[in-house]
Amino acid sequence: MRFPFWRRGRRNEELGEEVQAHLTLAEREAMEAGQSPKDARHAARREFGNVGVAEEVTRDAWGWRWIAEMLQDVRYGARNMLRTPGFTAVTILTLALGIGANTAIFSVVNAVLFRALPYRDAGRLVWATNFVKGQGQNLVFADEYAGYRTQNHVFENVAAYSAAAEYTLTGTGTPERLRGAMVTESFLNVLGVTPQLGRNFLPEEDRPVGAKAALLSDAVWRANFAADSKVIGRVIALDDMPYTVVGVLPRDFEFLDNTSADVLVPFQLSDSSIQSSNGQVRVMIQPLSIVARLRPGATIAGTVNELDAINKRVIEGLPGNLKRLLGEAQAQVFLLHDHEVGNVRPALLVLLGAVGFVLLIACANVANLQLARAAAREKEVAIRGALGAGRWRMARLLLTESSAVALAGGVAGLLLAAWAIRLIHRFAPADIPHLQAARLDLRVLVFTLAVSLLTGILFGLAPVIAAFRVSLNNTLKEGGSQSGTGAGARRAQRVLMVAEIALSFALFIGAGLLVKSFHQLTAIQPGFDPHGVLTARIALPLDQYQTVDQQRSFFQQLVERLQVLPGVASAGATASIPLRGNSMVSTIQIEGQAPMDQATMNVSTASTNAVTPGYFAALRVPLIEGRLLDERDGANAPNAVVVNQAFVRRYFEKEDPIGKRFSMGMGPFTHGPKTWTIVGVIGDTKQEGLASEVMPEATASALQWPRFMMTLVLRTSVDPVSLVSAVRKQVSDLDKNLPVYGVQTMEDVLSREVASQRFNAGALAGFAGLAVLLAAVGIYGVMAYAVSQRTREMGVRIALGAETGNVLRMILGQGLRLAAIGVGLGLAASFGLTRLMSGLLFGVKPSDPETFVLVTGALFVVALAACCIPAWRATRVDPVIALRYE
Amino acid sequence: MSSPKERYQNRTEILQGTLDMLILQTLQWGPRHGYALSKAIRTNSGEILKVDTGSLYPALHRLERKGWIAAEWKASEVGPRLRVYRLTKSGRKQLVSERSRWERMTAAIAGIMNPEKKESET
């Protein structure tokens, strides 16, 4: 019967006992036959043969041999590692850096790219939008959604949702600003999410003027309602409107578009954007997003066709001006997973590739170390061979050793990765979706284990191959400690060194390109001065501020109060703040220019803004021509606008724009076209983001075109953040229930704008730095070893009169030749590889000559520096000692 | 470079089947310890078959793992306790099948060897 492995020790003793008994019996018999006790013992032994071999072969019959041998090898390897602690520490540290970096990045890639979205059968979920050519942007509106809901044949279920907006929760202590999204009643069903408590919205709650219901996130439920299950049915106030809590979302619920949602409320969409109230026709365009579950068998292409057909029917039925504005909508449908992670995939794959390179370099380094040690172990290998160890047994010993080292490196790497993941959570840009799920889960652990073992085999192979080459006779005959590695191992070391240089070169190039992109991006002038500016948002509740006069006078009073605050240099309010991309686009008709061409849909458009006069000074937007808007442009004065330079470039190529008039109609809350006169030209400010082109923009005075949602902008002479409470006080003095939210400095806005570029550049630069450091250590190791092997030759050369310069040149020349080969290979590889990351670059070509030249130079300097110490050591060889060395 | 172990293994490959059968056959007459077993095989073969102890114990442990024989420690009058092996039920079955295989083989070998002998006699 097979006995358990752990009883081997006991069983071993029994085997010894059994053999002893055999010998005793044989001895006794020989004595009975008349032999002397001594002779009898010898005869019994002779008869039995080699006791050790017999026992070992018997142990083989137990079937545990491979495990026993592996344990033996591991023990031996551990002893070997402990005997050379410095060597072992360097090896494990090198591997830990490589494996740790890989584990950390893989955990991110795993969470973001590989993990299925946390929704039921997520592969069938799609995200849809319409690209509206006339508007230059994506827009789906309620009429189209109503069409999809009733006319489509491709969706099992379809839902609409709004981008998460902010709500003020009152009645649970201090007013709190929550992120909330409006969703249709079908939203959770499409995603396959069931509330952990309570229920989903009812259809009647999702109709216009239906009962107001709310679903809370798990986090809000715990933080604001103490995880009380009696919260269901409770009435809470969001923006001073009563909502009944009907359910609590599951703990692992993730909202779409990489935003979090603390609360969901029913969308209550009407089926049409056109509403008439009090005899006035109003067009309410609420941009919305579509998420849907495909029927089994439905394709993306089929869905696009279907939605296009529905769009066409819907738009046909719209009044003329809307038809023009929304015409030529092209449906775009993406798998939800692609929509969520598509824009970060290239960056993450580049990072994954980069850490792969780092690991390869770490492997090459460790292989080099192992080769150097293999030379020292040649005698051991030869003796083992002579004593009868088989080649494969030797290979297994060496591979077990390297795997044990790699596993130790893997464990250390995991610790590094755990720390790195914390760093990533802290510093990664907010626009990486679902990043919060990045952690050391089972899949990541399996990955690390696999990578560690693979690494162990990869770098362990070098000494194995070297061991196979060991010639027993020569090695044992050579005797001295100077036996030296074979030519094969030396060649292998050089090949590894060249590979390391090539890999780190490619990484260095990638990092260089990203860093340069980052600099290009940050060098862009946003068109205003972001330093020392505080911004804060205010949304007036429309039920209390129903008329434009109320809205106008509120912001007028507030700005007046803010302007006199100590520490405030100038204050203003604006409907749209630069870099946030939330300006509205309107069609315009310039007097004296050809009316828009209905046939080609060639409409003139401009983004529109409304600001209080203090805005220009607060952001230091320069005046180019004419005058800025000021107190003269009051509610009853002629309509005045300032336009930006892009506006002038597009519409007044050869004319003076000052005094020209145009009509600007399509704001969501305006009624019919109004005529505006251009009074000034201001500098271009980046509205949509640093990297985007500036659109023609027309800025009116908020006194003439009041808004209910505005952003306060304060230029301060003190630290902007120190004014936050003063601003809140002024607001609550005017209206104590009005929350101030979205408080941030303009510098923060700007830095968020470049966050993903900074993260990519920083991460890749870090990996490249690590790679170059490892490569430098590798070069140093190879060269130092080569010099130590040639000590005698150096002694002879120096004894024969070689100058210090000659020796130095010889060693450096050898190192630089290898570096040149590595750089050459790296150059060739980089031209191919950098093309893969062209999507991540900004203002830099993948083959940017400046980067290539700089990196080439830098890598040669590193190689030279790494060769310097060994070369210097070679010049210091004392010929007398060197020649006596043998 | 071939190790002593490899050389040994080459030899058992020839002997293995036969040795297993001899052990099973010998144990059919009653439980025995290793030394007694080797002595019995030697005596019963007229001192021709000498069982190499380096093969005997691996074979015993292998047969035990396969469940054909079972072992038990027994105290002995001579001093050390002895590991005594006995045939199990499945061992008995195995012995029957090995015996018939062996008989087929010896018949086959005899068929090849004998005609030659006849030719040389005529």
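Helices, of at least four residues, and strands, of at least two, are DSSP runs numbered from the N terminus. The exercises below use this convention on a predicted model.

**Exercise 1.** State how many helices and strands chain B has and in which pattern they follow one another.

Solution. Step one is the count: chain B holds 4 helices and 3 strands. Step two is the order along the sequence, which reads α-β-α-α-β-β-α.

**Exercise 2.** Give the buried share and the long-range contact share for chain B, then for chain A.

Solution. Chain B has 122 residues, of which 28% are buried. Of its contacts between residues at least 6 apart in sequence, 48% link residues at least 24 apart. Chain A has 886 residues, with 42% buried. Residues 24 or more positions apart supply 83% of the chain A contacts with a separation of 6 or more. The secondary structure of chain A amounts to 27 helices and 25 strands.

**Exercise 3.** Identify the residues that touch the most other members of the largest nonpolar core, and list the contacts of Leu507(A) beyond four places in sequence.

Solution. The largest nonpolar core contains 104 residues, and those touching the most other members are Val358(A), Ile501(A), Leu507(A), Phe767(A) and Ala771(A). With neighbours within four places in sequence set aside, the contacts of Leu507(A) are Ala354(A), Phe357(A), Phe767(A), Ala768(A) and Ala771(A). Another core, of 63 residues, lies apart from the largest one and includes Ala160(A), Tyr167(A), Tyr243(A) and Ala261(A). As background, nonpolar side chains tend to be buried together in soluble globular proteins.

**Exercise 4.** Describe the span and bend of helix α26(A), and its packing against α25(A).

Solution. First, the span: α26(A) covers residues 849-875, 27 residues, and reaches 38 Å between its first and last C-alpha, close to the expected 39 Å. Next, the bend: at Cys868(A) the helix turns by about 35 degrees, with the proline Pro870(A) following within four residues. The buried residues of α26(A) include Val855(A), Leu859(A), Ala863(A), Cys867(A) and Pro870(A).

Then the packing: α25(A), residues 804-835, meets α26(A) at an angle of about 145 degrees, and the axes are 8 Å apart. This crossing of α25(A) and α26(A) is right-handed. On the α25(A) side the contact includes Leu808(A), Ile811(A), Gly815(A) and Ala819(A), and on the α26(A) side Leu859(A), Ala863(A), Cys867(A) and Pro870(A) are among the residues involved.

**Exercise 5.** Decide whether Ala226(A), Gly233(A) and Arg620(A) are exposed or partly exposed, and note what is unusual in phi for Ala226(A) and Arg620(A).

Solution. A residue is exposed if 12 or fewer other C-beta atoms lie within 10 Å of its own, buried if 20 or more do, and partly exposed in between. Ala226(A) has 8 such atoms, so Ala226(A) is exposed. Gly233(A) has 9 and is therefore exposed. Arg620(A) has 17, which means that Arg620(A) is partly exposed.

For phi, most residues other than glycine have a negative value. Ala226(A) has a positive phi of about 50 degrees, and the phi of Arg620(A) is positive too, near 55 degrees. Arg620(A) sits in the loop between α19 (614-619) and β19 (623-626) of chain A.

**Exercise 6.** Locate Gly233(A) and find its contacts beyond four places in sequence.

Solution. Gly233(A) belongs to the loop between α8 (218-225) and β8 (235-238) of chain A, and Ala226(A) lies in the loop between α8 and β8 as well. Beyond four places in sequence, Gly233(A) contacts Thr244(A) and Val245(A). Gly233(A) and Val245(A) are 12 residues apart in sequence, with their C-alpha atoms 5.3 Å apart.

Notes. Residues are numbered from 1 along each chain as its sequence is written. Chains are lettered from A and ligands numbered from 1 in the order in which they are written. This is a predicted model: local features need pLDDT of at least 70, side-chain atom pairs count only at pLDDT 80 or more; totals for chains, interfaces and linings use all residues. A nonpolar core is a set of buried Ala, Val, Leu, Ile, Met, Phe, Trp, Tyr and Cys residues joined through C-beta atoms within 7 Å. Two residues are in contact if their C-beta atoms, placed from the backbone, lie within 7 Å. The expected span of a helix is 1.5 Å times one less than its number of residues. The bend at a residue is the angle between axes fitted to the seven residues ending there and the seven starting there. Axes are lines fitted to C-alpha atoms, for helices over the stretch in contact, and angles run from 0 to 180 degrees between N-to-C directions. A crossing is left-handed if the near helix is turned anticlockwise from the far one by less than a right angle, and right-handed if clockwise.
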